[in-house]
Amino acid sequence: MVTKPTILVPPSLSNSSCHHPRYQNVSIWSTISTGDVVQTAVVLALTFAILFANILLISVINSRRYAKYIHSQPRYLLTSLACNDLAMGLCVTPFAILSSIRNCWPYAEIVCQVQALLRGAISQQSAVILICMAMDRYYCMLHPVEYHKHSSRKAWFIIIISITWVGSMALFSILVIKQGGFYFNSTGMHACEPFYPKASLRILSACGFYFPTTMILMYCYGSAFDVNKLGFKRSNLPCSISSNEVQQSSSMEKLIDHERKLSLICSRTMAAMSLGFIVLVTPWTIQEVVAACTGSRAPPALDFIATWMALSNSFWYPFIYWTLNNHFRRICREIFNGVFCRKIHDKKQQQFDHFCNTSPSSKYIGHTPDCDLEGLSEKYWGEILERTVSSSSIPEPQQSNSLETRLDCNGIELSVLNNSPADL
């Protein structure tokens, strides 16, 4: 006899709301434990790390300084991934800060519903962008000539990202918008998540998020690096050079080699980011499948660690890119030095301006704008030096007797003794 699958019912959000009567007469401080403080600190630190890391990544890779180190297509993909993770840090993780310390949902029901929708859609979109990055690197290293013909088309990138984003939002909207499509996860996420009425749907969602992404990433990067390892890279062109330009001159070969190295560095960095996705999401996927198959819940501590490890990839992507890319680190240091050293420079400039206004030789320096030493002309430097030398107390050397040769009116040379003033 075939049994029908069990239909699960989500817990009522009103029972988990901080406005429930059972929380009215209870002091907030009496319900806070050490574990709640630790979890809140982790969520808070991770939220700020996600925001800072992705804003930095977006700013640097789209700056003029970094434009010569990255091609347009990888820059578009990395920017899209960083914007997606930035949305995670703005719209999803901050709502778990207050609920993790109070162990209840302090916001309205519509906020819970929107957060559950974004939680699923943003995570799925990140996996789709990683797949696009892997396919881009695969196509670049195996078919560079064809890649160059289509990589500069920004419209294709916008169309693909828009279609995938609309698809992710539509998929989770079907699940979340209906009644009972979301719930408050008080152990793992400490916020709202999509609710699956059947265990099979939960398994399908976790496996569909993890396994296709992992297999595509491993195949694309593995094939690309095998081609590079076997030496086919020498017969192919880099991603931004066409076949007609290779035969022009020997200097073009150096440019090709330089472009190939940049492409290889970019591919290795993206492969490391994809590996980070596999490592961080694997524990969460295993937990979801086991919990759905057994009909049980994981221990709260294990659920929290697995869930926030999966969410932390929004921070680890920029960190991995920063670690493995030397040009990116150098430009980041230049930006930080320009920001934090500006105050020190302004203070020194004020001190120098004060010196210029109070110095005896300020009338010479004052002719130049902003009293800049580098802008002083040689004329004023010469006048300052001459004034200093003339006012010094260096004794003049004494004159001694010397023979001076003169000519008389007939043109005959005469030797005349020239006496110094001291001898007179």
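## Close-up views of a predicted model

**View 1. Glu334 and Arg330 pair within one helix of the predicted model.** Both Glu334 and Arg330 belong to helix H12 (residues 326–340), where they stand four residues apart, about one turn of the helix. Their side chains form a salt bridge in which the closest N and O atoms are 3.1 Å apart. Glu334 is partly exposed, with a relative accessible area of 34%, and Arg330 is likewise partly exposed, at 29%. The pair belongs to a network of salt bridges that links Arg65, Arg330 and Glu334.

**View 2. The whole chain is given as context for the close-ups that follow.** The protein chain has 15 helices and four strands, and buried residues make up 41% of its 424 residues. Of the contacts in the chain with a separation of 6 or more, 71% are between residues 24 or more positions apart. The chain exposes about 24900 Å², of which carbon and sulfur atoms supply 63%. The structure holds five salt bridges.

**View 3. A salt bridge joins Arg119 to Glu193.** The closest N and O atoms of Arg119 and Glu193 are 4.0 Å apart, and the pair links distant parts of the chain, since Arg119 is in helix H5 and Glu193 in strand E2, 74 residues apart. Arg119 and Glu193 are both buried. Thr307 of helix H10 is in contact with both of these residues, and its further contacts, leaving aside neighbours within four places in sequence, are Gly188, Met189, Trp284 and Gln287. Thr307 itself counts as buried because its relative accessibility is 1%.

**View 4. Asp136 and Arg137 form a salt bridge.** The N-to-O distance between the side chains of Asp136 and Arg137 is 2.9 Å. Asp136 is buried, with a relative accessible area of 8%, and Arg137 is buried as well, with a relative accessible area of 1%.

**View 5. Asp303 is buried without a salt bridge.** Asp303 is placed in helix H10 (residues 300–311), and the nearest side chain of opposite charge, that of Arg297, is 4.1 Å away. Because a salt bridge requires a nitrogen–oxygen separation within 4 Å, the approach of Arg297 at 4.1 Å is not counted as one. A polar atom of the Asp303 side chain does, however, lie 3.3 Å from the backbone nitrogen of Gly188. Beyond its neighbours within four places in sequence, Asp303 is in contact with Asn185, Thr187, Gly188, Gln287, Arg297 and Ala298.

**View 6. Helix H4 has four buried residues, listed here with some of the elements that cover them.** The buried residues of H4 (residues 95–102) are Ala96, Ser99, Ser100 and Ile101. Among the elements covering these residues are helix H2 (34–61), strand E1 (182–185), strand E2 (191–194) and H10. Ala41, which is placed in helix H2, has its C-alpha atom 8.2 Å from that of Ile97, although the two residues are 56 residues apart along the chain. Ala41 is partly exposed, with a relative accessible area of 44%.

**View 7. Asn103 and His190 each take a positive phi.** Most residues other than glycine have a negative phi, which is why such values merit a close-up. Asn103 comes just after H4 with a phi of about 60°, and its place is in the loop between H4 and helix H5 (109–142). His190 has a phi of about 55° although it is not a glycine, and this residue is found in the loop between E1 and E2. The surroundings of the two residues can be described by their accessibility: Asn103 is partly exposed, with a relative accessible area of 29%, whereas His190, at 2% relative accessibility, counts as buried.

**View 8. Trp316, Phe319 and Trp322 form a nonpolar patch on the surface.** Together, these three residues have about 280 Å² of accessible area. Trp322 is placed in helix H11 (residues 313–324) and is partly exposed, with a relative accessible area of 36%.

Conventions:
Residues numbered from 1 in each chain as written. Predicted model: local features only at pLDDT ≥ 70, side-chain atom pairs only at ≥ 80, totals over all residues. Heavy atoms only, no water. Helix = DSSP H or I, 4+ residues; strand = E, 2+ residues; numbered from the N terminus. Buried < 20%, exposed > 50% of the residue type's maximum accessible area, 1.4 Å probe, protein only. Lys, Arg positive; Asp, Glu negative; His and termini not counted. Polar contact = N/O pair within 3.5 Å; in protein donor to acceptor, adjacent residues only side chain to side chain. Contact = heavy atoms within 4.5 Å. Patch = residues over 30% accessible without salt bridge, like charges linked within 9 Å, V, L, I, M, F, W, Y side chains within 5 Å. Areas by Shrake-Rupley, 256 points an atom, 1.4 Å probe, with all protein chains shown as cover.
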